[in-house]
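Visitor: I'm new to this one and would like to learn how to read it. Could you walk me through it, feature by feature?
Guide: Happy to. Let's put it up and begin.

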Amino acid sequence: MPELPEVEIVKQSLKNKLDHKRIKKVIVSNRNLRFRIEKEFENFLEGKSITNITRISKYIILTLDQKYFCLIHLGMSGTLHLFKYKKKEKNTNLSFYNSKILPKKHNHIKIKFHNCMIIYNDPRRFGFFKVFKNKEQLNELLFKLGPEATSKKFNFKYLKNKLTNKKKNIKNCLLDQNFVSGIGNIYANEILFHSKIKPTKLGMHLNNEEIRKLEKYTKIILKLAIKFGGSSIRDFKDSKGLSGFFQNEFKVYNRENKNCMRKNCNNKIYKIFISNRSTFFCKSCQKK
DNA sequence: AAGAGGCCCTGATAGC
DNA sequence: TGCTATCAGGGCCTCT
């Protein structure tokens, strides 16, 4: 599901809700996510307070007691659901949460707070939770990432330098998180359409104008997608259950055989596969 | 060393 | 209706 805009939306929807909340109880019902959840996971989290919630590329980071970290990646199908506490019935230990609909299966992790809880659901289990006992350990993992697509570090100079002699096609470059972080398959397709660059073009063959457009539209598209609340295909929702609307703005993604939306272009959108990922483009707008 | 492809996993959908 | 095949928003690992 989630690329940088969707992860940002999830983070925003958790922010202020979980800030400074103390974790009362953690329940893991399936430890086999992308990485197996460590035995100490529950114990480590319980009793600690969430002192900050941030996002780096497609990762959500919970800061715990200002010095520990819980790194969350939603993989392809992960979702976080926030439930507010409603009431506790007299003489029982049952807690009741508001009635927001939750999938019946694949709810792998529950994190309970005083008056709310979050549930991690992930059918395909490509996502993961991992705790870090200090910042150095966390940075070790994160420093391998390329500059964030929305950041100043991702600029003409960086791209020009990186693309020189790059024999990889530009679409795979955009999907390579060590090249630039935060972009996934949907936004890679959309960015290349707006930049008028053919997805199969080798990185080394981009001219200066194309590099400038690539930088420009990467930032425009991702920031616009955040404004629209992300893209909700296959039911992406934020932690409160709200959908995004950027899917209505797609120009090429999932539009095989439909008309190109650029003014005065009469061509259709083609679908090809690049490294087994579906790739959409207009042959006439993205000639080379 | 860089790049391509397989693979992890479940579910929705298309085609027969 | 019910089977099988294919494909999904990610990224790690292996092979060349």
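Visitor: Which residues does Tyr187 touch, leaving out those up to four places away in sequence?
Guide: Keep in mind that this is a predicted model. Contacts here are judged by C-beta atoms within 7 Å. On that basis Tyr187 touches Glu3, Ile221, Leu222 and Ala225.

Visitor: And what are the residues with the most contacts inside the largest nonpolar core?
Guide: Tyr187 again, together with Ile191. That core, the largest nonpolar one, has 65 residues.

Visitor: How do I get a feel for chain A as a whole?
Guide: Start with its secondary structure: seven helices and 11 strands. The radius of gyration of chain A is 21 Å, close to the 19 Å from the globule rule for 288 residues, so chain A is as compact as a globular protein of that length. Its C-alpha atoms fill a box of roughly 70 × 40 × 30 Å along the principal axes.

Visitor: What share of chain A counts as buried?
Guide: Of its 288 residues, 38% do. You can also look at how contacts span the sequence: taking those between residues at least 6 apart, 64% join residues at least 24 apart.

Visitor: Is Thr164 buried or exposed?
Guide: Count the C-beta neighbours inside 10 Å; 12 or fewer means exposed. Thr164 has 10 of them, which is why it counts as exposed. You'll find Thr164 in the loop between helix H4 (156-163) and helix H5 (170-175). Its C-alpha atom is 8.3 Å from that of His205, although 41 residues separate the two along the chain.

Visitor: What should I look for in phi angles?
Guide: Most residues other than glycine have a negative phi. Asn16 has a positive one, near 70 degrees. Asn16 sits in the loop between helix H1 (4-14) and strand S1 (25-28), and it counts as exposed because it has 9 C-beta neighbours inside 10 Å.
Guide: Asn276 also has a positive phi, near 65 degrees. Its place is the loop between strand S10 (269-274) and strand S11 (277-282). With 5 C-beta neighbours inside 10 Å, Asn276 counts as exposed.

Visitor: Which residues surround DNA strand B?
Guide: Asn276 is one of them, and the others are Lys105, Pro123, Arg124, Arg125, Phe126, Lys166, Lys167, Lys168, Asn169, Asn172 and Ser275. Sort the residues of this surface by character and you get six charged, four polar and two nonpolar.

Notes. Residues numbered from 1 in each chain as written. Chains lettered and ligands numbered in written order. Predicted model: local features only at pLDDT ≥ 70, side-chain atom pairs only at ≥ 80, totals over all residues. Core = buried A, V, L, I, M, F, W, Y, C linked by C-beta atoms within 7 Å. Buried ≥ 20, exposed ≤ 12 C-beta atoms within 10 Å, placed from the backbone. Contact = placed C-beta atoms within 7 Å. Near = placed C-beta within 6 Å. Nonpolar A, V, L, I, M, F, W, Y, C, P; charged D, E, K, R; others polar. Helix = DSSP H or I, 4+ residues; strand = E, 2+ residues; numbered from the N terminus. Rg over C-alpha atoms; globule rule 2.2 N^0.38 Å.
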